[in-house]
Structures are given as structure tokens and as C-alpha cells.
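Q: Please take a close look at one strand pairing in this model, and then carry on outward to the other parts that help to place it. I would like the cut-offs stated as you go.

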Amino acid sequence: MNKEYDVLIVGSGAAGLYGALQFPENVNVLLISKRELTLSNSSLAQGGVACVLDRINDDFQLHIADTMTAGKNKNNPAAVETLVREGPGDVLRLKELGVDFDLDENGEMQKTLEAGHSRHRIVHHKDSTGKAIVDALIEQVKKRPNIKICDNTLLYKLDKTDSGFLAGLVYADGSSEVVAAHYCIMASGGIGRVYQYTTNSAIATGDGITLAFMLGARIRHLSWIQFHPTAFAAENDRERFLISEAVRGEGAILLNCNGERFAEKYDPRGHLAPRDVVSNAIMQESIATNSEKFYLDISYKDPEFVKNRFPMIYQNCLKENIDITKDRIPVFPCQHYLMGGIDVDLEARTTVDRLYAAGECSHTGVHGANRLASNSLLEALVFSRRAACDILNRMKTDSNPSFPAFDEHDDLSGKKLPHGYRTEVRKIIQDCHFVIPKPEAAPQSLERITEILSDIISGGYEINRDFVEARSLATVAAIILREVVKQDD
Ligand SMILES: Cc1cc2nc3c(=O)[nH]c(=O)nc-3n(C[C@H](O)[C@H](O)[C@H](O)COP(=O)(O)OP(=O)(O)OC[C@H]3O[C@@H](n4cnc5c(N)ncnc54)[C@H](O)[C@@H]3O)c2cc1C
């Protein structure tokens, strides 16, 4: 008997989990995650969620204006309006679902300031907000009998049929199966791992974007990458942990290799300017000082306040022998976030019938050319809920007959993928499309990436996680470089 679901949700980050919770008990949902449920960019989020909860000291128009300014007015105004107006409802819902937001002395959610925001409006759980959200949502999802959760389950293919999708899955034990679903919400996260250095989790290889692209979905602005100015400058680690904006929001000062403040030279907002501006300032100062050494200094603040406000950052830095209550923190920009993705409308519908996308893999237009801090968890919540609502509406009229019988097993065997493709792709993108991009290198880089991709696709390799991720990284790199080449024409 073939397995059929009403809805397949790819991803157990904020978008996938919150989306899943919108479905009532008569809707049969399969939620998959290619690694452990908690391994995601959502779990890494530190700063918090931006939203206007205090309508006396803040208002929707200000949040909209801040979002548009950060995004260089390349945002979709309708999507921004939806995000800002509907977001507070979703944040309050998170609280009902058990997320332990920090409270102030009046029992209201504490609101902090982050770069680019004109008001204190970031709600948080210390400096591990994402983990608090993911943990609470997983607990809720596990209580729902209509949601089947499969962790360590990799989606390797998504084929379209008239009434939905056939999805190829590889399970934790290495066995594989093809299952059917009438609708699919892609909530598969970002692409950070296409860079040598990123704040992103190991899962961020752009699989969902690649599978949607292979189905013909429109992908937009994949070259719109946000670089975070203050990732911990570890020597070799690919995944660099973040020294959140909130640390600067609470008063940390950005210094160059000579211990001098410099951000104000490049922008009057100094180190509280939006991320792209601060990243650019660091790269320019790096050229001016001929050094890649930069620091954040919060050591002049009360140590107890620092430890209590940033316990995770404090601990992470201690592991690197930096006591942030006494020492300067070495920082440098690295890849952090993808503004583009699978193009969707306000209901999170992609250009492929029955395929939805939400969260970091999607392009709603909310962020424009540069995301305002703490708007992405909000986007994941608002648009995954909208995707689920749209599916529920469609289910009232779509007939959704059973799928005709299909083959449950693909032959996944093949040669072992050669070593080195992923490393080469990463190096090419890091060299060509970092904070100060080198568009002149793009055509040649694209040629090489195209060669790699065509070998991956037609080389007869075994289909496993290594293969799927290498195919995704090469596909994402090719789309980025094609965009750059086109812009440069
Ligand atoms: C260090 C860091 C700090 C951040 N801080 C903040 C913050 O303070 N505020 C904020 O708003 N945003 C923040 N962000 C951004 C934000 O966390 C992410 O944009 C958002 O959480 C993305 O959620 P998501 O659900 O779309 O994807 P993710 O949370 O990344 O989840 C993706 C899921 O897809 C699954 N998946 C992927 N490919 C496959 C496949 N082939 N098969 C099966 N499953 C698959 C993964 O296993 C994972 O479960 C931060 C990001 C990072 C990296």
C-alpha cells in the first residue's frame, strides 16, 4: 500500500513546526527533518523576534519604515505590511504555546533594541530565543496525533503529479521510500553552507531551493546575501557563532586592530547601523589598516549584567578562552542570511501549484536587499501560518483523489561522489561573492560551477546526503553566479 499524506512539511525549524501546528486533527501531516529535529538555523537564533507589542511607544508604521530602510526600499511593501501587522498575533500565540519570553518587572515581554530598529521591540529569551521557540514548538507538535514526525529523514526528490507530489525519502537507517502528499510546504532553511564561513547550521545547504528549482519554481534574488558583521573570528571553524546585534544594542563598542572606534567614519549610525553597512565598514577599515583583526568590547559593563543577559555568548566565548566581562571579543563578518529564495506570494504560494515555501528558503520580499535584524523568525511564523491557512482553504474545494499506484522504491545505488566538490564550490563563492563582491570573477567561476554541477547530476553517483547536499550547493552557487553575471551585463 502506497503511503499518502495530505501535507508534507520539509523542515523542523520555526517555519516547519509553526506551520504544522496550524493543521486540525483531520489533516494528515508528515513533517521531516534531515538531521535531528533541533539542528536548524532557528535553534541558533539568539537576539529574538521583532514585533510591535507596545502600541504607545512604538507603532506599525515605524516598524514598516525601519524594515524598508534596512531593505533599501527593495522590499515588497504589501509583504512588509502583512509581516508587521500580523506578526504580534503570532508572537502572542508563541507565548501561549509555551515559549518562555523574558519578562519585565510588570510581567510584560521585555523588549530590547537591535541595529536598524528605531524602537525597543525585540522580544527574547535571554540570548537563546531560537532554541526556546523550537523546543516549545517541538513539544506541541509531538502532542498532535495528526502529525507524523520523521527526523534524520532526507528529501532527495520531489516529483509533481496532477494531485500533488511524490517525495523520495532516505530514512535514518539508510532505507528509502517514495511517499505521496497533496500539498508540500518547503521550510528547508537557508544556504549558508555554500560559503567557507557562515553562522548557519550544517543543514543550510539549500536543498529545498534546489528541489523547487528542479520542479520549475521561480527563484529570486539568491545573490542577496546578508553578511553578519560580528561573527566570532575563530581560526578554522566553518560554522562561526554569532555575537548578536543585541550585544552592540546593550553598549558593546566595535574596535579596529589599534583598539580605535571607527564605524562612525563610514556611517553616522556607527556600529548600530544595519548589518550590511557595518560589514562594509569593517571590510573598508580592514583595507585601510591592512588587518583582519576587529573586536567587540563590552568589558566595561557590569559583569553580572553581561553574564545574565548573554549567558550563551558568554559560555561560547569562554570555550575559546575569551571572558567577555574582561576581554575584547575578536569578530569578523561572515555569511549569515539569505534574503532571496523560492518566490512566493502573500499566501506563501510558489509558482508551482500546491507547492508552498516559508521561512529562510522563501522569498516573500519582506527583507528587500537587506534583512532588518530579528525580522526573519517573524517572517517564518507569519508566512508558514498563511501557507497552512491557504492549504486548508484549498482543501475545501480540491477533490484530492487517491494517487494512482506508484513505485515505492527508487534505485539509489551508484558510484561514490568524489571528494572535493563541496570545498571547491565554497571557495569559489567565498572568493567571488563576499561583502565586497568581485563580479569580474563571476563568468569564469560560473563556468567551473556548471562543470561540477553537470558531473554531479549525470555522473551516476549514489544518492545519499552527501550527494544531495553537493548537488544543492552547486545548484545554489550556479543560480547566484548567473544572477551576478546578468546584473553585470
Ligand atoms: C546564528 C544565527 C542567529 C540568528 N538570530 C536570529 C534572531 O535573533 N532573530 C531572527 O529573527 N532571526 C535570526 N536568525 C535567522 C533565523 O534563525 C532563520 O532565518 C530562521 O530561523 C529560519 O527558519 P526556517 O524554519 O526557515 O529554517 P531552519 O530553522 O534552518 O530549518 C530548516 C529545516 O529544514 C530541514 N531540511 C533542510 N533540507 C532538508 C532535506 N533535504 N530533507 C529534509 N529536511 C531538510 C532541516 O533539517 C531543518 O529542520 C539567526 C540565524 C543564525 C544562523
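A: β3 and β5 run antiparallel and are joined by two bridges, where strands are DSSP runs of E with at least two residues, helices are runs of H or I with at least four, both numbered from the N terminus, and two strands count as paired if DSSP finds at least two bridges between them. Within this pairing, V49 stands opposite V123 in β5. The model is a predicted one, in which local features need pLDDT of at least 70 and side-chain atom pairs count only at pLDDT 80 or more, while totals for chains, interfaces and linings use all residues. Residues are numbered from 1 along each chain as its sequence is written, and side-chain values use heavy atoms, with hydrogens and water left out.

The pairing belongs to an open sheet of three strands in the order β3-β5-β4, with antiparallel pairing. Because β3 and β4 each have a single partner strand, they stand at the edges, and one side of each is left without a neighbour in the sheet.

The loops beside these strands are linked by a salt bridge, that is, a side-chain nitrogen of Lys or Arg within 4 Å of a carboxyl oxygen of Asp or Glu. D58 and R121 form such a pair, with 2.8 Å between their closest N and O atoms. D58 is in the loop between β3 (49-50) and α3 (60-70), R121 is in the loop between β4 (111-112) and β5 (122-123), and the two are 63 residues apart, so that the pair links distant parts of the chain. D58 is buried at a relative accessible area of 4%, and R121 is buried at 0%; buried means under 20% relative accessible area, exposed over 50% and partly exposed in between, with a 1.4 Å probe and protein chains only.

By the same rule, the count comes to 37 salt bridges. One of them lies between the side chains of R248 and E245, at 3.1 Å from N to O; both residues sit in helix α7 (residues 245-249), three residues apart or about one turn of the helix, and both are buried. Just before this helix, S244 is found in the loop between β11 (225-232) and α7 and is buried with a relative accessible area of 4%. A further salt bridge joins D466 to R422, with the closest N and O atoms 3.2 Å apart. Since D466 lies in helix α15 (residues 465-488) and R422 in helix α13 (residues 421-432), the pair ties together parts that are 44 residues apart in sequence. D466 is partly exposed, at 35% relative accessibility, and salt bridges with shared partners join K34, D207, R422, R465, D466 and E469 into one network.

Turning to the ligand, 38 residues surround it, of which S42, G48, E360, S376 and L377 come nearest, and a residue is counted as near if one of its heavy atoms lies within 4 Å. A backbone N or O atom of G47 lies 2.9 Å from an oxygen atom of the ligand, a polar side-chain atom of E360 lies 2.7 Å from a ligand oxygen, and a polar backbone atom of L377 is 2.8 Å from an oxygen atom of the ligand. The ligand taken alone exposes 1000 Å², and the protein buries 99% of that, with areas from the Shrake-Rupley method and a 1.4 Å probe. Two or more residues of the shell come from each of α1 (14-20), α2 (41-44), β7 (154-161), β14 (329-338) and α12 (376-397), and α2 gives the most, with three residues.

One of these elements, β7, also pairs with β8 in the antiparallel sense over seven bridges, and a hairpin joins the two through two residues. L155 has L169 in β8 as its bridge partner. Strand β8 (residues 164-170) is largely enclosed by the rest of the structure, because seven of its seven residues are buried. Six bridges join β8 to β9 (residues 176-186), again antiparallel, and V170 has S176 in β9 as its bridge partner. Five residues lie between β8 and β9 in their hairpin, and G174 in the turn has a positive phi of about 90 degrees.

Definitions and conventions. A polar contact is a pair of N or O atoms within 3.5 Å; within protein, one must be able to donate a hydrogen and the other to accept it, and residues adjacent in sequence count only if both atoms are side-chain atoms.
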